[in-house]
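The following questions and answers introduce a structure to a reader who has not met it before. Please consult the sequence and the coordinates shown below while reading.

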Amino acid sequence: MTWPMLFGVLSLMTFQLVDSAFIGQLGRDPLAALGFTLPMHQLIIGLQVGLGIATTAIISRTLGAGDQARAERLGGLVVVVGALMVLVLCILLWLLQAPTMTLLGADQALLPMIRSYWVPWLLSAWTGAMLYFGYSICRSHGDTKLPGYMMVATSLVNIGLDPLYIFVFGWGLPGAAWATVTAFGAGCLVVYPSVLKRGWLRFDLAELALTKALKQLTGIMAPAMMSQLMPPLSAMFATALVAGFGSAAVAAWGLGTRLEFFSIVVVLALTMSLPPMIGRALGAGDIHTIKKLVRLAIRFVVVWQFSLGVFWLIGSGLVSELFSSDGAVREILGEYLIRVPLSYSGLGVCMMMVSVCNALGLAMRGLLISVLRLFLCFLPALWLGSELAGLTGLMTGALVGNLLAGVMAYRLYRQGMRRLGGPG
């Protein structure tokens, strides 16, 4: 179940990088205009991922309990609620566009370009959210192949349409957003008919206890959304600490962060494939299977992520030369790759435990893990390391902080499992 999601996530990351590369050819201003949409996009993604996590947890649990009809109606409820929530958020962002851009410090000269981009961009965000809700319904029924294949297909369509819309049609920056609208819209036209054909969606919501269902969704969605906002918040604080050591340090840290994202892609795929299995087992009351699944996943993540850390350590010199021509940046990136990647096993365990807790219905525990990773483990270790040994100490702090976060997350998961029927 994990392999399709792995290729899907990789393809999404690739199309976003290619998208940025095409926009970069238009000049500095379009790239800057794109940059000012990123914080808003993270907000929309936080909402859709939070609802997606709730969808997978609740529907898979309902299926495990043998209530097929309720699972289908819950799917319909998710689509309706998700469409309305993301639409309202997009409208609010459009209406508050000017004050938002002023707050973010956008230059007045950029505002006309941002204004021309925001309508197609917000439409692409809404279309992408609708496609994601379709993926979530598929995953909750144990199907990761259709979402994985469609992620690859829509990414390839997007990459193919980018030069056509941006340069050939002369649409410029808005063309990149229209390419995404086209790709995601085509994806919706494939996914939703397939889901309806399989009988996974029903819209006779009057037969559903709406108050109870909405309470279930909100109980998992709200903490999950907050958990999704923790990583960008952590990244902002970390970058602020690194900035005190100069622009070369920020550049090297940024490169290291991008390499980190590629290094955890297998973990990201696992966080999508594991919850449906856990939800079904929980619905069937099979706690023993849940414990076996989680132990297997943790062992794999620890070995895999540690192996990647060793790989980056061995290749630190070559990788540094490959990614930067600046001597200072290469030296700092080399120091980063020697230290921080060795902690990716702890980071991976932490991410897995957040996902597992959400699948178990322990959404507040998942949020607690995210918050404690940020404010108890990672950022304090970064600050203390920088105070004791400068930039090198900060990187060592990242190593220690991630490992501590992994241990802390596993202990909190085991405490949660004891409430459900035995140690993890």
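Q: How far apart are the closest N and O atoms in the salt bridge of Arg198 with Asp143?
A: In this predicted model, Arg198 lies in the loop between helix 8 and helix 9, while Asp143 lies in the loop between helix 6 (111-140) and helix 7 (145-168), so the pair ties together parts that are 55 residues apart in sequence. The two residues form a salt bridge, and the separation of their closest N and O atoms is 2.5 Å.

Q: Is Asp143 buried or exposed?
A: A residue counts as buried when its relative accessible area is under 20%. The value for Asp143 is 12%, so Asp143 is buried. Its partner Arg198, at 39% relative accessibility, counts as partly exposed. For Asp143, then, the class is buried.

Q: How many residues apart are Glu72 and Arg202?
A: The side chains of Glu72 and Arg202 meet in a salt bridge, at 3.5 Å from N to O. Glu72 belongs to helix 4 (residues 68-95), and Arg202 to the loop between helix 8 (173-197) and helix 9 (210-243). The pair therefore links distant parts of the chain, with a separation of 130 residues.

Q: Which residue forms a salt bridge with Arg73?
A: The closest N and O atoms of this salt bridge are 3.2 Å apart. Arg73 lies in helix 4 and its partner in the loop between helix 8 and helix 9, so parts 131 residues apart in sequence are tied together. Arg73 is buried, with a relative accessible area of 14%, whereas the partner is partly exposed at 28%. That partner is Asp204.

Q: Which residues are linked with Glu72 in a network of salt bridges?
A: Glu72 is buried, with a relative accessible area of 11%, and it meets the side chain of Arg202 in a salt bridge. Arg73 forms a salt bridge with Asp204. The residues linked with Glu72 in the network are Arg73, Arg202 and Asp204.

Q: How many salt bridges are found in the whole structure?
A: Among them are the pair of Arg198 with Asp143 and the pair of Arg73 with Asp204. A search of the whole structure gives a total of five.

Q: Are helix 11 and helix 12 roughly parallel or roughly antiparallel?
A: The axes of helix 11 (residues 265-283) and helix 12 (residues 287-314) come within 9 Å and cross at roughly 170 degrees. Angles over 145 degrees count as roughly antiparallel. The two helices are therefore roughly antiparallel.

Q: How many nonpolar residues does the contact of helix 11 with helix 12 have?
A: Residues of helix 11, including Leu270 and Met277, meet residues of helix 12, including Phe300 and Trp304. By class, this contact has two polar residues and no charged ones, and its nonpolar residues number 16.

Q: Which residues does Ile338 contact, leaving aside its neighbours within four places in sequence?
A: Ile338 is found in helix 14 (residues 327-339). At 36% relative accessibility, Ile338 counts as partly exposed. With those neighbours left aside, its contacts are Leu313 and Ser316.

Q: What is the radius of gyration of the protein chain?
A: The protein chain has 16 helices and zero strands. For 424 residues the globule rule gives 22 Å, and the chain is close to that value, so it is as compact as a globular protein of that length. Its radius of gyration is 22 Å.

Technical notes:
Residues are numbered from 1 along each chain as its sequence is written. This is a predicted model: local features need pLDDT of at least 70, side-chain atom pairs count only at pLDDT 80 or more; totals for chains, interfaces and linings use all residues. Side-chain values use heavy atoms; hydrogens and water are left out. Helices (H or I, at least four residues) and strands (E, at least two) are DSSP runs, numbered from the N terminus. Buried means under 20% relative accessible area, exposed over 50%, partly exposed in between (1.4 Å probe, protein chains only). Contact means heavy atoms within 4.5 Å. Axes are lines fitted to C-alpha atoms, for helices over the stretch in contact, and angles run from 0 to 180 degrees between N-to-C directions. Angles under 35 degrees count as roughly parallel, over 145 as roughly antiparallel, 65 to 115 as roughly perpendicular and the rest as oblique. Ala, Val, Leu, Ile, Met, Phe, Trp, Tyr, Cys and Pro count as nonpolar, Asp, Glu, Lys and Arg as charged, and the others, Gly among them, as polar. A salt bridge is a side-chain nitrogen of Lys or Arg within 4 Å of a carboxyl oxygen of Asp or Glu. The radius of gyration is taken over C-alpha atoms; the globule rule is 2.2 Å times the number of residues to the power 0.38.
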